[in-house]
Structures are given as structure tokens and as C-alpha cells.
Amino acid sequence: MPDITLKGKAIKLGDNISTDLITPGRFAHLRSNLLELAKHVLEDADPTFVSRVEAGDFLVAGKNFGLGSSREHAPVVIKMVGISAILAKSAARIFFRNAINQGMPVLLCDTDKISDGDKLEINLTDGIVTNLTSGAKLSFGKMPPLMSAILEEGGLIPYIQKHKDFVVESQIPSPSGKNVIARSECNEAISSPLKGED
Amino acid sequence: MGKTLAEKILTAKSKTDAKAGDIVIANVDLTFAQDTTGPLTVRQFKESGFRKIAEPQNVVIFLDHAAPSPARQLSNDHILLRRFAKETGCYIYEVGDGVCHQLIAERFAKPGDIIVGADSHTVTAGALGAFATGMGSSDVAVALALGKTWFRVPETFFINLKGMFPKGVYAKDLILYLIGQMGADGATYKALEFGGEALSHIAMSQRLTIANMAVEAGAKVGLFPGDGVTQGFLTAQGRSDSYRSLYPDADAHYERVISLNIAELEPMVSFPHTVDNVFPVSKAEGIKIQQVFIGTCTNGRLEDLAIAASILQGKRRFPDTRLLVAPASRQVLTQAIDNGYIRAMVEAGAIILPPGCAACLGLHQGVLGDGEVCLSTANRNFKGRMGNPEAMIYLASPATAAASAIRGEIADPREIM
């Protein structure tokens, strides 16, 4: 991944932010009108969220962010209002995959070390979050290479448009000059334990 | 080393030696979307430049979440999905046919299948031994086009069940208890695999309830073996050809083994606003309720309605407590009519809703008022789930729900049965 650094302020939420809090079912009739749906994002969790969020901000949450429904509208509208990355202690499986499919990084780290309003700098390449307000540095786990590749392309649809298929094996030149198929190292679980540190 | 059920299915479908932690590309046997996730799926499918579904005979659209539609926007979403089904040649189930997961159990799922759906409760089909998991619209759009998707092969927690259910205690109590013990993220990214000596006594309707809620512990799949119970169910559905026996290897590696004696369970209730906030019914007894909802992909099956009807027979709902019942499918509804369950419930004061998701997700048919409390047999009680963030939702079995409807407050079904 190219060296990518993101900067913005943290908007902090708690544990177990469900997709029903992000995009409530009562707005299901707006799911084909994403601009309208986005006006209500997270309003049941934090009524000030939409008025506070600025382009480039980070959504910082506790454990199990995005639990519940498979509705991909949840990461779609979080992205639409300007959030550039989600940081959480842990994320629910479907939401995690949906967010990456929308080109939205979800970084698993010890978010106790981030307060609402803190300025953060995130280096996606090194896997380091620097809390510019407190000085704390946090590291986040790596994703499987396929997910990194999807994120790098800006999401699953652009990825598939480019590659036409999933690519999990990489062609690398062998010493003999012939191409051999090398299995990607995929053993690093997306659920890798928190690696928070000061 | 031997393989878990998840590893076995993913090995067969990816044609690799799939082990926990691997990333595999696997062929998909059934891909589906429903009416609240389908429109985005269709748009992403088209945006990707895809025109044709790889295998339209393996693709289904379900109109079940807004059924019938309460708003013009949702009606227009239905038009979009009907048109897509016509254009691509995939199946579509109409408003009133039932909840996607119930129809998949009745008509499609079989042991060893891979099923992906744009709905988190796709895990329900794990009851039939299918590796079935929920995904978002992008993943499902790509699965439609390519007929395959990628998976990280999950590690497995083995749930070793023994004993028999005591009177008044059901699969819902079992899975609520487990989720309470594990936590709402206790099995994130993992497969739950159910086994043990109790399994031969756990009917398909109960297995479907258990598998359905695997996702509420964060799990990717909730798998049962393909066994005699599976064969009996498929035969009764006229699908005996779909049966094959499917068991994990005896020396499979499990990340964790959790043993549970069902005989020691009691009726359980999940308190607002997270599913893992679970306590024995005694802690909830006396909580006043304005609405009871019996139905959904968790507990809207014939056996669930039979239990509710047997408790409600000859009795009346509490005057201040509404009682909503939604059969999970048209087949369930017709059988419930034939068996007299519908009459018993209507005479007890129930409102029968059309087969579908009904009140579960807050977009119609039983939206709660400010400060109201609902006891539901659904799978989720998140804040705002039933259409109002100022309402409270408790989850329990159909027996607890029916008993509570009579009392107007949460009640222990064992006192009424």
C-alpha cells in the first residue's frame, strides 16, 4: 500500500453501536435515497453527530462496532458524511467486510486512549495512530492481503472492475525465471488481538 | 488433522485443503437478497458493469421485509427488484410468501451447501448443514456475477449439547443463554458448530432458531451436521434427494469446546438494548408489556405457533397488551390454519400479520410508541430496532411470549402450561 496518512478529529462513541443505531429500520424507505438517509446517520446514538462531523474526521468507537444487520448502507452513509476511517476496539464481521468493500478503513486498536475531539494522525502503511492531542501512539493489526487490496482499490466494486475476479495468489518470479504461484500469507486474522501501546 | 464442518464444506467448495485461517475462493450454491438490501445490490451489480447473473437458477430475491409495503419508496424498491428478476431470470418470492430464511430452509438449503445472502440472518440455514453467512450488497452483487466469493476459513467453537429440554424450555432459551454467556462479540469471525448426544432430540425447527441467532454472538456461521433429523425434515418437505450425511471429523480441531446440559436450563429473557443482556425469566417477571410479537425467522415456525396456541387456547390476552403473530411463511400459515392454531390465537385476541418480517425491524406492522415495552420472539432488541428508540424490547421464546400476553407482564410459561 502506498504511504497514506490521514489527519482529522475524533468523534467518539461507545460500545456495541449497532447498524440499527447507524441506519435505523424506520428509515428503510430512504435506502434508495442515500443523501436523505445520510442526514439521519447515527442520530439515535448521538443526535449531534451529523452537525459535528467534518470531512476527514474519524469515527472512534468501543467494542463490537457495527453489530447487527448486513445493511451496507451503514458504512455507505458514514462515508458520505465525511468520515475517513473508523477506529474501534473490535468490529462486527459483516460491518467490517462491508466497510472495506466501500473503501472505508476500519482500524482495530485500543480506542480507550482516544477522547472525543482529539486530533489524530493515522499512517495506514505503518499501522500507527498518533494521538496528536495526547501524544499516545497506537498500532492496529493488519488485514489479510486480499482485504488490503480491496481497500487499496477503493472498495470491492472498483477492485472487481479492475481485476475481473478475486486474486488471492500472487505471481512471483522464481530463481529459475519461471513464474510460480505463491500462496499469500493470510494467517494474520482480522481479529488479531489488540496491540495498543503508548 | 481432521476437519470441522466449516473446513469440510469450504474444502469441497474451494477445491483446496481449507484450514482455519486460510483465505479461499469458493463456489456458491445459493445467493440471495431481500427488499431492504436488494436495491443497493442491484445498483452495485449494474455499476460494476455486470449484465448477467452467473447462475440465475441459484439466485433468489425475497420481498419480505416490507410486506406489504407501507411506503411508496419501498413499493418502488419492489418494482426495481421485480424488474431485475425478470431481466436476469432469477427467482423472486413475492410479498406474503414468507421470510427469506424460512423459505430457504423449506425449499433450498441442503447439507454441504454454501449460501450467501444480503441479510445477517442468512446463518439460519446452518441448521441444515449449509455454510450460510450474511454479507453486504457489494459482496452479494459480486457473488451474483461470478457465482463465487471469498472466505476466511473460520476457527470453530464446538457447542457440545447433552440432556433434554425441561418443560417450558426451548431452543430460544438455549441460544439466549449461550449468547449471554459468550457475549455479543464472543464468537466474532468464528464458526459455531453444534453437536453432542442431545442433537438427535433437537428438531429442525429448534435447530433453525439456534442457527438463526449465531450471528448475535458475532459468529460467521452456526452449523449443525447433516443427520437423521435433517433427512426427516428434507423428506417431509419433499426434498429427500437433497439429503446427504455430513459430520465433522472425529479428530477435528476446535478452538474452544463449550459443554451445556440442556436439562439444567430455564426460560431466559434478553433485556434491552443488547441481545447478550440475558437473565432467567424470574428477573423479568412482572415487567409490564404493551405488545407481544410472535413470529420472525427466529420463532415464526409451525412448532412455535403450536406452542403459543396451546398456551393461548381458551384464554384471552391481557386487555392492555396487543398480541401480534406473524407466521414465517405461507406454508406455516396454511398448516397453522389446518391445525387450528390460528383460530385459537385469534380467539385469544391475536392479530395475524402476513407471512414476512412484520414488526421485527421497525418499518411497519407494530411500530412501538414512546416508552412502550414489547416482548418479542425475534432475534434483536437493539435500541430503535422496532421503529422507536424510546421503546424497550425484551426477547424470549414463543411460550414465554404467549404466557406474558395473557398476564400483560413478562411471565414464566411454566406457571401457565
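Two residues are in contact if their C-beta atoms, placed from the backbone, lie within 7 Å. With that term in place, this briefing describes a predicted model in which chain A touches chain B. Chain A has 198 residues, and chain B has 417 residues. Chain B is divided into two domains, and several of its helices are described below.

**The two chains**

- The secondary structure of chain A consists of 7 helices and 9 strands.
- Chain B contains 14 helices and 18 strands.
- Buried residues account for 45% of chain A and for 65% of chain B.
- In chain A, 66% of the contacts with a separation of 6 or more are between residues 24 or more positions apart.
- The corresponding share in chain B is 77%.

**Overall dimensions of chain B**

- Along the principal axes, the C-alpha atoms of chain B fill a box of roughly 60 × 50 × 40 Å.
- The radius of gyration of chain B is 20 Å, which agrees with the value near 22 Å for a compact globule of 417 residues.

**Contact between chain A and chain B**

- The contact draws on 46 residues of chain A and 47 residues of chain B.
- On the chain A side, the elements that give two or more residues are helix 1 (19–22), helix 5 (93–101) and helix 7 (156–163) of chain A.
- Helix 5 of chain A gives the most to this side, with 5 residues.
- By class, the side of chain A that touches chain B has 17 nonpolar, 19 polar and 10 charged residues.

**Domains of chain B**

- Domain 1 of chain B covers 5–14 + 22–262, while domain 2 of chain B covers 268–415.
- The C-alpha centres of these two domains of chain B lie 23 Å apart.
- In the contact between them, 34 residues of domain 1 of chain B meet 34 residues of domain 2 of chain B.
- Helix 4 (100–107), helix 6 (171–182) and helix 7 (204–212) of chain B are the elements that give two or more residues to the domain 1 side.
- Helix 6 of chain B gives the most to that side, with 6 residues.
- The residues on the domain 1 side divide into 14 nonpolar, 13 polar and 7 charged.

**A parallel sheet in chain B**

- Four strands of chain B form an open sheet in the order 10-9-8-11, with parallel pairing.
- Strand 10 (221–223) and strand 11 (256–261) of chain B are the edge strands, and each pairs on one side only.
- On average, neighbouring strands of this sheet are turned by 20° against each other, direction ignored.
- Strand 9 (residues 191–195) of chain B runs parallel to strand 10 of chain B, and 3 bridges join them.
- The bridge partner of Ala191(B) in strand 10 of chain B is Val221(B).
- As general background, strands of a sheet pair through backbone hydrogen bonds, either parallel or antiparallel.

**Helix 7 of chain B**

- Helix 7 of chain B is largely enclosed by the rest of the structure, because 9 of its 9 residues are buried.
- The buried residues include Met204(B), Arg207(B), Leu208(B) and Asn212(B).

**Helix 11 of chain B**

- In helix 11 (residues 302–312) of chain B, 8 of the 11 residues are buried, so this helix is also largely enclosed by the rest of the structure.
- Those buried are Leu302(B), Asp304(B), Leu305(B), Ile307(B), Ala308(B), Ala309(B), Ile311(B) and Leu312(B).
- The buried residues of helix 11 of chain B pack against helix 7, strand 14 (291–295), helix 10 (296–299), helix 12 (330–338), helix 13 (341–347) and helix 14 (398–407) of chain B.
- Gly314(B), just after helix 11 of chain B, takes a positive phi of about 75°.

**Ile175(B) and its surroundings**

- Ile175(B) belongs to helix 6 of chain B.
- A residue counts as buried if 20 or more other C-beta atoms lie within 10 Å of its own; Ile175(B) has 30 such atoms and is therefore buried.
- Leaving aside neighbours within four places in sequence, Ile175(B) is in contact with Thr209(B), Ile210(B) and Met213(B).
- Of these partners, Thr209(B) and Ile210(B) are buried residues of helix 7 of chain B.
- Ile175(B) and Ala214(B) are 39 residues apart along the chain, and their C-alpha atoms are separated by 7.9 Å.

Definitions and conventions
Residues are numbered from 1 along each chain as its sequence is written. Chains are lettered from A and ligands numbered from 1 in the order in which they are written. This is a predicted model: local features need pLDDT of at least 70, side-chain atom pairs count only at pLDDT 80 or more; totals for chains, interfaces and linings use all residues. Domain bounds come from an automatic or database domain assignment. Ala, Val, Leu, Ile, Met, Phe, Trp, Tyr, Cys and Pro count as nonpolar, Asp, Glu, Lys and Arg as charged, and the others, Gly among them, as polar. The radius of gyration is taken over C-alpha atoms; the globule rule is 2.2 Å times the number of residues to the power 0.38. A residue is buried if 20 or more other C-beta atoms lie within 10 Å of its own, exposed if 12 or fewer, and partly exposed in between; C-beta atoms are placed from the backbone. Two strands pair if DSSP finds at least two bridges between them. Axes are lines fitted to C-alpha atoms, for helices over the stretch in contact, and angles run from 0 to 180 degrees between N-to-C directions.
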